[in-house]
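Hello,

Here is the structure I promised to hand over to you. Have a look at it first, and then read on for what turned up in it.

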Amino acid sequence: MKSRKVIGVRYPAWSSFGAATMRGVVDFMRANELWRLVTENDSYGEMEAVKIDGDWHGDGVILFRATEDELRAFRKRGTAVVLTSTEGPDLGYPRVIPDNRMIGGIAARHLVERSLPDFAFLARGETFYREARFASGLRVYARERLRGFRAELNRYAIEPRVHYLKGRPLWEDHTWREVQTEVAAFLGSLPEPCGLFAVDDALAAVVLRAADMLGRKVPDQLAVIGYGDDQDYCYSTFPALSSIGHPAREIGFKAAELLKLQMDGGDAGGESRLVEPGGAVARESSDVLAIRDPEVRELVTWIRRTAPHDPIRVSELAERSSLSLTTIKERFARALGHSPKQEIKLARLAHLVRLLENPALTLADIAEQMKFASAHELSRFFTGATGSRPTEFRNRPEGREDGLLPQPGQGAVIFDMDGTLFDSESLYCTAFQAAYREQGGELRREQYFEEHAGTTNDAIEQRLAARAPAGFDVMTFNRRWREHLDELVAAEGALVPFPGVAELLGRLADSGIPLALASSSEVADIDRFLAAAGLAGYFHHRAGGDEVSRGKPDPEVFLLAARRAGADPARCVAIEDSRAGVTAAHRAGMRVIHVHRGFPVDDAVAGLVSRSVGEFRELRLDDLTALLGP
């Protein structure tokens with residue numbers, strides 16, 4: 001009889017998803033072929049102790065995360081491997097992971113349905129572990145979930161408040177107190193009421209403890225949702241935690257499928273397979289619509305769930321309530337400031353906007369989905385509600401997304417950071433060069449500044465990976481260039497402001513002109529770079545490359561910075577050094593000052609700027625005031 005293949009499944013003890021993932025593997029086995037499954041265990045003598053690492057021998061292994069050494073050992077022996085975490089190296093092995101951007105979108109929709117005025121996002125910026133297999137460093141999944149969260153909220157012209165926790169040694173006894181203190185400080189800065197998405201259930205549990213410590217009522221003053229639907233966290237907190245389901249069983253099934261493909265000699269590829277997460281599971285921590293009238297709250301919840309797909313009538317509300325229609329209208333006016341008919345209209349309009357953003361759907365398709373009598377009726381509804389036709393909305397200028405449209409207001413001076421305020425761009429160049437060289441790639445300095453300066457880290461990684469030598473590991477490259485950058489930044493005097501920068505910032509601050517920062521760097525790097533250079537106090541409004549879906553030369557990061565500063569982009573002055581940055585600021589509708597630092601001025605850039613200077617000392621406060629306009 002043919003012996004069964006031996007498959008190892010390794011999840012860390014602190015993850016609650018191992019058992020459910022195993023059930024997905026078993027589902028696959030029942031439909032295909034039987035394997036012998038092995039997990040790590042130490043039963044204190046009752047069974048043989050098993051440790052799954054680089055020395056473990058088997059036909060295939062499903063790992064949450066792994067070290068490079070382990071993956072090399074498995075490759076050398078021809079062991080099939082599938083990873084199920086977004087973090088850590090992969091050396092070209094496939095990953096099966098939840099769709100993190102979709103998770104953020106689900107969290108945003110859940111909180112938007114609660115009719116809250118403000119929103120926030122909390123995550124770990126980076127994590128330190130003693131065990132190499134758990135992959136210390138910046139958390140990729142957190143940034144992906146924020147992108148989905150922000151993208152959904154931007155459809156409602158909402159910008160969330162964001163905080164990444166500082167990385168700390170998790171093995172120290174005092175760490176949990178520091179984490180809770182930092183979380184409490186962030187909660188203390190939030191308005192009331194506010195909806196908060198904590199990146200996972202463990203951190204959401206910390207939020208609920210910190211809220212209790214501050215005396216902040218959940219959910220009335222702070223509505224909270226996490227991710228994972230981990231019962232140990234969801235029901236050990238007070239109140240019970242709302243969460244989004246983790247698709248562990250589906251991940252296990254797909255991982256087993258990819259293992260079999262590899263063991264049968266097929267090529268599973270090195271890309272990530274995304275699995276759709278479960279829906280939001282509402283519990284007491286977010287059971288609020290910021291409406292104290294329970295009858296109105298119940299009716300509003302039904303409207304927001306039903307109206308997007310069905311043109312419900314106001315008379316139907318009385319059929320669902322013990323109240324008369326007259327009383328319902330009176331209570332809606334007191335609780336919401338508008339009528340039930342207006343609430344139905346707003347719910348349908350919000351959903352219609354989302355569908356119009358999908359170019360694959362015709363107006364007839366959307367009309368059918370939302371049960372309008374015709375595309376003409378849909379157009380009449382949209383035009384009456386917004387003042388513009390659906391086709392005009394779809395053809396709005398590139399980069400002018402919902403939630404980023406300019407609003408009349410004050411002006412601001414918006415600075416780029418890398419290469420403009422200080423020479424951090426050279427540090428990035430050196431870090432990328434060193435990490436690229438380690439895997440056989442060559443990146444010339446002039447090539448970096450010509451092709452990559454001013455763009456996001458993600459864009460640089462993708463471009464370099466596209467022309468890298470065979471066997472190039474993107475995750476290793478990501479980790480190594482960041483490690484090189486950390487070493488460079490830690491050197492004393494590494495980040496010194498260019499001449500005239502501090503003086504100009506001081507004059508602008510004294511004059512009361514709002515300042516903002518629009519950088520392609522990630523938020524965590526912006527914070528530490530500004531602190532290292534002694535400039536953090538000048539920039540209360542910041543936008544980073546990991547907060548937008550498209551980096552420079554797209555205008556999105558400048559529009560986000562202007563929005564945070566409460567400024568009209570048409571009345572803003574952007575100060576930039578790179579071609580990509582100048583183009584982005586110009587596309588955002590801003591006047592642009594180009595700092596060329598003695599290098600020849602590109603003709604393409606010269607046509608987009610209001611002024612070009614060699615250094616900051618050439619800029620006077622009167623020059624900037626004149627460009628800002630009345």
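Let me start with one term: a charge is said to sit over a ring if NZ of Lys or CZ of Arg is within 6 Å of the ring centre and within 35 degrees of the ring normal. Arg145 fits that description, with its charged end over the ring of Tyr227, 4.4 Å from the ring centre. Arg75 does likewise with Tyr93, where the distance to the ring centre is 4.7 Å. Please keep in mind throughout that this is a predicted model.

Next, the aromatic rings. The count of aromatic pairs comes to 20. A good one to look up is Trp14 with Phe64, an edge-to-face pair with 5.7 Å between the centres and 80 degrees between the planes. Trp14 lies in the loop between strand 1 (5-10) and helix 1 (18-31), and Phe64 in the loop between strand 3 (60-63) and helix 2 (68-77), so this pair ties together parts that are 50 residues apart in sequence. Are these two rings buried or exposed? Trp14 counts as partly exposed, at 43% relative accessibility, while Phe64 is buried at 12%. Elsewhere, ring pairs link a cluster made up of Tyr428, Phe432, Tyr436, Tyr448, Phe472, Phe477, Trp481 and Phe529.

Phe529 from that cluster also belongs to helix 21 (residues 523-533), where the buried residues are Val523, Asp525, Ile526, Phe529, Leu530 and Ala533. Around the axis they cover an arc of only 155 degrees, which puts them on the same side of helix 21. What do they pack against? Their partners are strand 9 (161-165), helix 16 (424-438), helix 18 (457-466), helix 19 (474-490), strand 16 (515-518) and strand 17 (541-543). Just after helix 21 comes Gly534, which takes a positive phi of about 75 degrees.

Helix 25 (residues 621-628) can be read in a similar way. Its buried residues are Asp623, Leu624, Leu627 and Leu628. Seen down the axis of helix 25, they fall within an arc of 135 degrees, so they line one face of the helix. The face turned away from this buried side carries Asp622 and Ala626, which are exposed. On the buried side, the helix packs against strand 15 (413-415), helix 20 (501-511), strand 18 (573-576), strand 19 (591-595) and strand 20 (611-613).

Now for the charged pairs. How many salt bridges are there? The count comes to 43, and here are a few of them.

Arg168 bridges to Glu182, with 2.7 Å between the closest N and O atoms. Arg168 is in the loop between strand 9 and helix 5 (175-188), and Glu182 is in helix 5, 14 residues apart. Both of these residues, Arg168 and Glu182, are buried.

Arg331 and Glu295 meet in another salt bridge, at 3.1 Å from N to O. Since Arg331 lies in helix 11 (residues 325-336) and Glu295 in helix 9 (residues 294-306), the pair ties together parts that are 36 residues apart in sequence. Arg331 is partly exposed, with a relative accessible area of 21%, and Glu295 counts as partly exposed too, at 31%.

A third example joins Arg579 and Glu450, whose closest N and O atoms are 3.3 Å apart. Arg579 lies in helix 23 (residues 579-587) and Glu450 in helix 17 (residues 445-451), so here the parts tied together are 129 residues apart in sequence. Arg579 is partly exposed, at 42% relative accessibility. There is also a network, in which salt bridges that share partners join Glu68, Asp69, Arg72, Glu438, Arg479, Arg480 and Glu483.

Two more arginines round off the tour. Arg139 is placed in the loop between strand 8 (137-138) and helix 4 (140-154). With a relative accessible area of 1%, Arg139 is buried. Leaving aside neighbours within four places in sequence, Arg139 is in contact with Arg65, Glu87, Arg124, Gly125, Glu126, Thr127, Tyr129 and Phe134. Arg334, by contrast, is in helix 11 and is exposed, with a relative accessible area of 63%. Arg334 and Gly278 are 56 residues apart in sequence, and their C-alpha atoms are 36 Å apart in space.

Enjoy exploring, and best wishes.

Conventions. Residues are numbered from 1 along each chain as its sequence is written. This is a predicted model: local features need pLDDT of at least 70, side-chain atom pairs count only at pLDDT 80 or more; totals for chains, interfaces and linings use all residues. Side-chain values use heavy atoms; hydrogens and water are left out. Buried means under 20% relative accessible area, exposed over 50%, partly exposed in between (1.4 Å probe, protein chains only). Helices (H or I, at least four residues) and strands (E, at least two) are DSSP runs, numbered from the N terminus. The arc is that of the directions from the helix axis to the C-beta atoms. Contact means heavy atoms within 4.5 Å. Rings of Phe, Tyr and Trp (its six-membered ring) pair if their centres lie within 6.5 Å; planes under 30 degrees apart count as stacked, over 60 as edge-to-face and the rest as tilted. A salt bridge is a side-chain nitrogen of Lys or Arg within 4 Å of a carboxyl oxygen of Asp or Glu.
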